[in-house]
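Here is a short report on metal sites, salt bridges and one long-range contact. The structure comes first.

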Amino acid sequence: MGEPLNKNSRMECTKHGLQKPAFICSHLQHGVNLGFIEANDNPDPEFPFREAWCHECDTVLMAEGEWNDISEGYAQIMAICEGCLNEIQVRNEHQAHNK
Ligand SMILES: [Zn+2]
Ligand SMILES: [Zn+2]
């Protein structure tokens, strides 16, 4: 991994250029209609990045009650640019009803 993130961290996206990093579960990256749960509680001024995960990860997270080895292991959180996050949100925020 590179340098630790701070609030001024930026990342270079091949599609969106220099952007703030954001964090998603690995399922959302290529997923469609997986649900989109975004962390919006206690924004940390030193870590002002968006984080989101899919419905399945939220189910695991609720079962575990917190982010721990199991829930984090399931989510496999990864860093992407904020522009990509916006596209992923549009693609996933309507959860499929064909379970
Ligand atoms: Zn997920
Ligand atoms: Zn991007």
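In sequence, the donor residues of the zinc ion (ligand 2) follow the spacing C-x2-H-x64-C-x2-C. His-16 sits in the loop between S1 and S2, Cys-84 in helix H4, and this pair links distant parts of the chain, 68 residues apart. Helices (H or I, at least four residues) and strands (E, at least two) are DSSP runs, numbered from the N terminus. The protein donors are Cys-13 (SG), His-16 (ND1), Cys-81 (SG) and Cys-84 (SG), at 2.0 to 2.3 Å from the zinc ion (ligand 2). Donors here are N, O and S atoms within 2.8 Å of the metal (3.2 Å for Na, K and Ca); water is not among the atoms, so sites may look incomplete.

The model is predicted: local features need pLDDT of at least 70, side-chain atom pairs count only at pLDDT 80 or more, and totals for chains, interfaces and linings use all residues. Residues are numbered from 1 along each chain as its sequence is written, chains are lettered from A and ligands numbered from 1 in the order in which they are written, and side-chain values use heavy atoms, with hydrogens and water left out.

The site of the zinc ion (ligand 2) is tetrahedral, with angles of 104 to 114° among its four donor atoms. Four donors count as tetrahedral if all angles lie between 85 and 135 degrees. The ideal tetrahedral angle for four donors is 109.5 degrees. His-16 is partly exposed, at 24% relative accessible area. Cys-84 counts as buried, at 19%. The cut-offs are under 20% relative accessible area for buried, over 50% for exposed, and partly exposed in between (1.4 Å probe, protein chains only).

The zinc ion (ligand 1) has the donors Cys-25 (SG), His-27 (ND1), Cys-54 (SG) and Cys-57 (SG), lying 2.0 to 2.3 Å from it. Their spacing along the chain is C-x1-H-x26-C-x2-C. Here too a pair links distant parts of the chain: Cys-25 lies in the loop between strand S3 (21–24) and helix H1 (26–30), and Cys-54 in the loop between S5 and helix H2 (55–64), 29 residues apart. The four donor atoms subtend angles of 98 to 114°, so the arrangement is tetrahedral. Cys-25 is buried at 0% relative accessibility. Cys-54 is buried at 2%.

How many salt bridges are there? The count comes to three. A salt bridge is a side-chain nitrogen of Lys or Arg within 4 Å of a carboxyl oxygen of Asp or Glu.

| Salt bridge | Closest N to O |
|---|---|
| Glu-46 and Lys-7 | 3.6 Å |
| Glu-87 and Lys-15 | 2.9 Å |
| Glu-38 and Arg-50 | 2.7 Å |

Glu-87 lies in helix H4 (residues 82–92) and Lys-15 in the loop between S1 and strand S2 (17–19), so their salt bridge ties together parts 72 residues apart in sequence. Glu-87 is partly exposed at 34% relative accessible area, whereas Lys-15 is exposed at 57%.

Glu-46 is partly exposed at 47% relative accessibility. Lys-7 is partly exposed at 37%. Glu-38 is partly exposed at 25% relative accessible area.

Which part of the chain holds Gln-95? Gln-95 is in the segment after H4. Its C-alpha atom is separated by 4.4 Å from that of Gly-35, 60 residues apart along the chain. Gln-95 touches Asn-33, Leu-34, Gly-35 and His-55, leaving aside residues up to four places away in sequence. Contact means heavy atoms within 4.5 Å. Gln-95 is partly exposed, at 28% relative accessible area.

Key:
Four donors count as tetrahedral if all angles lie between 85 and 135 degrees; four count as square planar and six as octahedral if opposite donors are over 155 degrees apart and all others between 65 and 115; anything else is irregular.
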